[in-house]
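Subject: Structure for you to look at

Dear colleague,

I am handing over the structure below, together with some notes on what was found in it. Please read the notes with the coordinates open beside you.

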Amino acid sequence: YSVDFQAKGDIVIKDGTRLIADCAFVENNDITSVKIPSSVKSIGFSAFEFCENLKQVEIAQGVKNIESFAFSSCTNLKSITIPSSVQGIGVDAFGCYTDKETYETQYNKDFTIYGVKDSVAQTYATDYEMNFVEKPESNSTVGDCNGDGKISVADARKIVVAIAKGDTIDLS
């Protein structure tokens, strides 16, 4: 038998997920928004490419890498906020689309990237001639390990697990 599942509407990636696989949601026009938790370390190659109705993306502090074409050809996505934890952004990750007639990449010069000054987000915006708006991350709550804006038992659990594994955890 086969499983026919397609994510629809506003999706929230399950906390604890560490990777959004390459092409995981490619060409899914039923997704309108996505919330990516701090447990995710990498957003895969073409993960949300051609999700034409995707309008909002929330990436939590903790995500480290956004692969090439991750949000490419998401024509209704007009801006994105990149947390300071992101250390790498691949080629044509967002703010562009593939012209269906010529197959050439077109860049949306009106696309806005919000991020921390002197970050990879600012470099990406400069390289692709997109708008960059500095957004300091001073409103984060110390101890909010899962990025939900509050300190809870879930945060304490995450700290205990990190200590037990010998991992480090960013409490800032």
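**The sheet of three strands**

In this predicted model, three strands form an open sheet in the order 1-3-5, and their pairing is parallel. Strand 1 and strand 5 stand at the edges with a single partner strand each, so one side of each of these two strands is left without a neighbour in the sheet. From one strand to the next, the twist averages 10°.

Taking the pairs in turn, strand 1, which covers residues 9–12, runs parallel to strand 3, residues 31–36, and the two are joined over four bridges. Among these, G9 has I31 as its bridge partner in strand 3, while V12 has K35 as its bridge partner in that strand. Strand 3 also pairs with strand 5, residues 56–59, again in the parallel sense and over four bridges, and here the bridge partner of K35 is E58 in strand 5. K35 is therefore a residue to look at from both sides, since it is the bridge partner of V12 and also that of E58, in a strand that lies between strand 1 and strand 5 in the order 1-3-5. As a general point for viewing the sheet, side chains in a regular strand alternate between its two faces.

**A residue ahead of strand 1**

A7 belongs to the segment before strand 1. Is A7 buried or exposed? With a relative accessible area of 8%, A7 is buried, because the cut-off for that term is under 20%. If its neighbours within four places in sequence are left aside, A7 is in contact with F25, N28, D30 and I31. Of these, N28 is 21 residues away from A7 in sequence, whereas the two C-alpha atoms are 7.7 Å apart in space.

**Strands 7, 11 and 12**

Further along the chain, strand 7 (residues 79–81) and strand 11 (residues 112–115) pair in the parallel sense over three bridges, with I113 of strand 11 as the bridge partner of I80. Strand 11 pairs as well with strand 12 (residues 131–134), in the parallel sense and over four bridges, and there G115 has E134 as its bridge partner in strand 12. Together with helix 1, residues 120–127, strands 11 and 12 make a β-α-β unit that is right-handed.

**Helix 2**

Helix 2 is made of 13 residues, 153–165, and reaches 18 Å from its first C-alpha to its last, which is close to the 18 Å expected at 1.5 Å a residue. The residue that follows helix 2 is G166, and its phi is positive, near 80°.

With best regards

Note on methods:
Residues are numbered from 1 along each chain as its sequence is written. This is a predicted model: local features need pLDDT of at least 70, side-chain atom pairs count only at pLDDT 80 or more; totals for chains, interfaces and linings use all residues. Side-chain values use heavy atoms; hydrogens and water are left out. The expected span of a helix is 1.5 Å times one less than its number of residues. Two strands pair if DSSP finds at least two bridges between them. Buried means under 20% relative accessible area, exposed over 50%, partly exposed in between (1.4 Å probe, protein chains only). Contact means heavy atoms within 4.5 Å. Axes are lines fitted to C-alpha atoms, for helices over the stretch in contact, and angles run from 0 to 180 degrees between N-to-C directions. A crossover is right-handed if, with the strands pointing away from the viewer, the path from the first strand over the helix to the second runs clockwise.
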